[in-house]
Amino acid sequence: QVRLDQPWGGSAPAGGSLTLSCKASFNLNAWCMAWFRRTSEKEREGVAAIDGDGDGRPVYGDSVKGRFSISKDKATNTVTLEMNNLNPEDTGIYYCAAEESGGYCYKDLLTLGNTLDAWGQGTPVTVSA
C-alpha cells in the first residue's frame, strides 16, 4: 500500500524555523518526492521537489527559494522539508506528495501538482507575526 505519513506540523514566530518530515511506505528510488501547500492565497502551491533516486538539484517554488530546503534519506524512506526565515504568508497546510516517475523529477512544480500519484494527510503550519 502506498502511504505518506506526516507525523507533525508546528508553529513558529516570523523569522523562525520549522522542519517537516514525511515517511513513505515505499522505496524512494522509483519516485519523485515533493512538498505542496495550501494557503489562504493559493489552493495549491508547489513548494519543493527532489529526485527519489537521482542526485539532481532540488527545485523550489519562487516564494520559498533561499529559505526552504528539501532533503531525502533513502535508508529510511524519509523526506524532510527544512523551513527557515518563516513569514506569516507561509501559514497553511503542507502536504507531502509523490509521483511514480522512475526516481527523477522531470516536471516543473506546477505541472507536477496535477500528476501526483500519492499524497500525505497534510499537516498545519502556523507562522505568527
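These are my notebook entries on a few places I looked up in this structure, which is a predicted model.

**Entry 1: the largest nonpolar core**

I began with the largest nonpolar core, which holds 27 residues, and I noted that L4, M33, W35, L81, M83 and Y94 touch the most other members. I then looked up which strands feed this core, and found that strand 3 (18–24), strand 4 (31–38), strand 5, strand 7, strand 8, strand 9 and strand 11 (123–128) each supply at least two residues. Strand 3 gives the largest share, with 4 residues. Apart from this core I found another one, of 8 residues, and I wrote down A34, A97, L109 and L116 as being among them.

**Entry 2: the surroundings of L4**

I followed L4 further and, leaving aside its neighbours within four places in sequence, I listed its contacts as C22, K23, A24, F26, M33, C96, A97, A98, A118, W119, G120 and Q121.

**Entry 3: aromatic rings**

W119 led me to the rings, and I noted that the structure holds 4 aromatic pairs. One of them is formed by Y95 and W119, which meet edge-to-face at 6.1 Å centre to centre, with 85° between the planes. Y95 belongs to strand 9 (residues 92–100) and W119 to strand 10 (residues 118–119), so this pair ties together parts that lie 24 residues apart in sequence. I checked the accessibility of both partners: Y95 is buried, with a relative accessible area of 18%, whereas W119 counts as partly exposed at 35%. Ring pairs also bring in F36, which is linked with Y95 and W119 into a cluster.

**Entry 4: E45**

I next looked up E45, which lies in strand 5 (residues 45–51). E45 has a relative accessible area of 11%, and I therefore entered this residue as buried, the cut-off being under 20%. I wanted to know which side chain makes a polar contact with the side chain of E45. My reading gave S63, with the two side chains making that contact at 2.7 Å. Leaving aside neighbours within four places in sequence, E45 is in contact with W35, F36, R37, T39 and S63, and F36 in this list is also a member of the ring cluster with Y95 and W119.

**Entry 5: the hairpin of strands 7 and 8**

I closed with strand 7 (residues 68–73) and strand 8 (residues 78–83), which pair in the antiparallel sense over 6 bridges. For K72, I recorded V79 in strand 8 as the bridge partner. The hairpin has 4 residues between its strands, and in this hairpin N77 takes a positive phi near 55°.

Technical notes: Residues are numbered from 1 along each chain as its sequence is written. This is a predicted model: local features need pLDDT of at least 70, side-chain atom pairs count only at pLDDT 80 or more; totals for chains, interfaces and linings use all residues. Side-chain values use heavy atoms; hydrogens and water are left out. Buried means under 20% relative accessible area, exposed over 50%, partly exposed in between (1.4 Å probe, protein chains only). A polar contact is a pair of N or O atoms within 3.5 Å; within protein, one must be able to donate a hydrogen and the other to accept it, and residues adjacent in sequence count only if both atoms are side-chain atoms. Contact means heavy atoms within 4.5 Å. Two strands pair if DSSP finds at least two bridges between them. Rings of Phe, Tyr and Trp (its six-membered ring) pair if their centres lie within 6.5 Å; planes under 30 degrees apart count as stacked, over 60 as edge-to-face and the rest as tilted. A nonpolar core is a set of buried Ala, Val, Leu, Ile, Met, Phe, Trp, Tyr and Cys residues joined through side-chain atoms within 4.5 Å.
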